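Me: I've got this model open and would like a close look at one part of it, then a walk outward from there. Keep it informal, please.

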Amino acid sequence: MLNLISFSSSALGALGQLGLLGALAFTLLGTWLAFLGGVRGDARATEAARRAVWAVFALASLSVLTLMVALLRDDFSVRYVAEHSMRASPTWVKVTALWGALEGSILLWAWLLAGYAFLLSLTLRRDALRPWALGTMFLSLLFFVGVCASVASPFTPLAQLPADGRGPNPALQNHWMMAVHPVLLYLGFVGLSVPFAYAVAALVTGRLSDHWVVVTRRWTLIAWALLTAAIVAGGWWSYETLGWGGYWAWDPVENASFIPWLLTTAFLHSIQIQERRGLMRAWNVWLIVLAYASTVLGTFLNRSGIVQSVHAFAGGPVGPVFLGFLAFLLVLGVGLAAWRAPHLRDEAEAPAPLSREGAFLAGNWLFLVFAVMVLVGTLFPTLVEAVQGRRDASVGPAFYNAFAIPLGLGLLLLMGVGPLLPWRRAEGQTLWRALWPLLLSGLGAALMAFAFGLRGWGVLGTVALGAYNLVGLSVLTARALRERRQAGRGGGFPALVAEQPRRYGAYLAHIGLVVMALGLAFSGAYRQDAQTTLNVGAAPTRLLHETLALEAIRTDTKLYGRSTIARVQIDGRPFEARLNTYLQGGNTAFASPAVRYGVLSDTYLVVTTFDPGGRWASVRLIESPLVSWIWWGTLIMVLGAGLTLVSPRRAAVRVSAPRAAPATD
């Protein structure tokens, strides 16, 4: 293997740029070969295009490896390294600098996209969709690799070698989660390129049966699970880093990741209807086109500088380019869908409102309305500035909560009843028989919560619908076990899961969503927040439900900055909350709170100011009930998604002596 460490500084930058140019050349070649194979039905051209993907992935990997080596070697002849790294940075911070700024993040995106295309090339079936799916992936690669090789190259050289770099963004080195959250987010975003490619291939070829949906279900589910984990990991980063005790602020960049999640979740539910009943064909095409386009919209917002966000990169030259690519995707998807509209009509009758399909369709409408409302709130200040020149327009959490809470409760309501309803149509008696245990359990849970002092309608509704959903899943599972016993098949619940992992993985994901919803409701409605000033060695102070005493203040100095650490006793247990100041951050202090995680409540302590002489510190104490349920609920959801990917075990065939034929006249 080529030993990159031995390369000279100037050679590293040249090698990385050469890798990008080579990847761009093979992308152009692969695009031409893929579409040639599709138009002419030339299997050899399609096979050559498939192999071109391997070259693109190899060369993109070379560029990523080169930039990583440049960062670890402090090679300041590369401008990206000089602007976003420094000698004193810890190794893990140098690694995260790869995606901590604009050019590196786009390189990572291009590399992951090439990786997905490589995996797709290994799994593609030899059918009419093959060349067009490859060609669509190449179109995305052409954009991202082209941007990396031109207007956003991370390998631009510096004429004068600086003694040290400027260092990374201080906010990105204040917590290790920055090594996880962005990568998960890009994996989720980029993963949606595969179902989009299949949708385009199906539209181009006119093969609009259920095949493309079945093939892309696993790809979509993996992307959805990664995106779910990424969004909540970002919330955890915010919780642990920003010192405000929250995890979601309806920030524009947060919203930009939430919109694709909503659309992808809707797509995962509606493809079940297409697989089972042949319905919602046009709906599914539109959903996946919008979901993938919304990932590019989020990237545009994050990198154009048109929105103000703690998560956003500084404005650069790529904003207009991304806007153009977004327009291209929408024109391509909308144009093809309009062209094939006569062939996207459903063969069966429209779903009855009181049916499983009807519940799924209603849920899809709620997801779509949710996404549109979040998009409106996100873009409203930008539109006001563009039209009126005002920069004071803003949309706060009150706007989002006004629709997010009722829509969320509506989704929980449909999530519980949908799986209990039969396909096609439910009679009134059947519907009542399915609903009464759920309604009774929900009402009982709400009354119990009210008796314990809960009063917020959002919290009471979440408790009621949480119980309603859990009872519904229990009823479904008990029914399946009863039918299994009646059929003379043993093994119990484990055997049931092994035979139907897709179904019970979905149930597990729904349980995780209920757990998360309870965490969101309680931490949002019953969070308590108080501040005080503590003196070293003074008598303990009572704050909220805790007793606080400041033991000492000390300073820990590193090459890259310093930390002021307040050691506080909370109910006799030691906590250390920090304020971190980084060399490249000036005098700006970044909080590193001390958090005591609990099953029922978190205790969150953050230092706001302190005496340079070490005699006192002002602290903020926050108590948030059930915050940990958000993180655990996410883990359960991801595990549920993973279970649905498991291949089902075939039921064992019971061998017995044949029964005598019944007597006939």
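In which helix is asparagine 364 found? Start there, and then take me through whatever surrounds that spot.

Reply: Sure. One caveat before anything else: this is a predicted model, and every value below is computed from it.

Asparagine 364 is found in helix 13, which covers residues 356-388. The residue is buried, with a relative accessible area of 0%. Leaving out residues up to four places away in sequence, asparagine 364 touches Ala266, His269, Ser270, Met280, Trp283 and Leu287.

One of those contacts, Met280, deserves a stop of its own. Methionine 280 lies in the loop between helix 10 and helix 11. Its phi is near 65°, a positive value in a residue other than glycine. Methionine 280 is also buried, since its relative accessible area is 6%, and the cut-off for buried is under 20%.

Tryptophan 250 makes a good companion to that residue. It sits in the loop between helix 9 and helix 10, and it has a positive phi of about 55° although it is not a glycine. With 11% relative accessibility, tryptophan 250 counts as buried. Trp250 also belongs to a cluster held together by ring pairs, whose other members are Trp224, Trp248, Phe258, Trp261, Phe370, Phe399, Tyr400 and Phe403.

From helix 11, step out to the surface. Helix 11 (281-304) and helix 12 (319-339) each supply at least two residues of a nonpolar patch. The patch is formed by Trp286, Leu290, Leu330 and Val334, and together they have about 280 Å² of accessible area. Leucine 330, in helix 12, counts as partly exposed because its relative accessibility is 30%. That sets it apart from asparagine 364, which is buried at 0%.

Back to the rings, as that cluster is part of a wider set. With ring centres within 6.5 Å as the rule for a pair, the count comes to 37 aromatic pairs. Take phenylalanine 57 and tryptophan 111: their ring centres are 6.4 Å apart and their planes are at 10°, so the pair is stacked. It links distant parts of the chain, with phenylalanine 57 in helix 2 (residues 43-72) and tryptophan 111 in helix 5 (residues 102-123), 54 residues apart. Neither ring belongs to a buried residue: phenylalanine 57 is partly exposed at 22% relative accessible area, and tryptophan 111 is partly exposed at 27%.

Tryptophan 109 and phenylalanine 144 give another stacked pair, because their ring centres are 5.0 Å apart and their planes are at 15°. Tryptophan 109 lies in helix 5 and phenylalanine 144 in helix 6 (residues 129-149), so this pair ties together parts that are 35 residues apart in sequence. Here both partners are buried: tryptophan 109 has a relative accessible area of 2%, and phenylalanine 144 has 1%.

Now for helix 10 from another side. Helix 10 (252-277) is one of the elements that the buried residues of helix 19 pack against, along with helix 9 (211-241), helix 18 (501-525) and strand 8 (601-610). The buried residues in question are Ser628, Ile630, Trp631, Gly633, Thr634, Met637, Gly640, Ala641 and Thr644. The length of helix 19 checks out too: at 1.5 Å a residue, its 17 residues (628-644) should span 24 Å, and its end C-alpha atoms are 25 Å apart, which agrees.

Helix 19 turns up again as cover for helix 17. In helix 17 (residues 492-499), Ala495, Leu496, Val497 and Glu499 are buried. What covers them includes helix 16 (457-486), helix 18 and helix 19.

Last stop: glycine 416, found in helix 14 (residues 397-417). It is buried, with a relative accessible area of 4%. Apart from its neighbours within four places in sequence, glycine 416 is in contact with Leu438, Tyr468 and Asn469. Glycine 416 and leucine 645 are 229 residues apart in sequence, but C-alpha to C-alpha they are 22 Å apart in space.

Conventions
Residues are numbered from 1 along each chain as its sequence is written. This is a predicted model: local features need pLDDT of at least 70, side-chain atom pairs count only at pLDDT 80 or more; totals for chains, interfaces and linings use all residues. Side-chain values use heavy atoms; hydrogens and water are left out. Helices (H or I, at least four residues) and strands (E, at least two) are DSSP runs, numbered from the N terminus. The expected span of a helix is 1.5 Å times one less than its number of residues. Buried means under 20% relative accessible area, exposed over 50%, partly exposed in between (1.4 Å probe, protein chains only). Contact means heavy atoms within 4.5 Å. Patches are made of residues with over 30% relative accessible area and no salt bridge: like charges are joined within 9 Å, nonpolar side chains (Val, Leu, Ile, Met, Phe, Trp, Tyr) within 5 Å. Accessible areas come from the Shrake-Rupley method with a 1.4 Å probe; for residues, only the protein chains shown count as cover. A salt bridge is a side-chain nitrogen of Lys or Arg within 4 Å of a carboxyl oxygen of Asp or Glu. Rings of Phe, Tyr and Trp (its six-membered ring) pair if their centres lie within 6.5 Å; planes under 30 degrees apart count as stacked, over 60 as edge-to-face and the rest as tilted.
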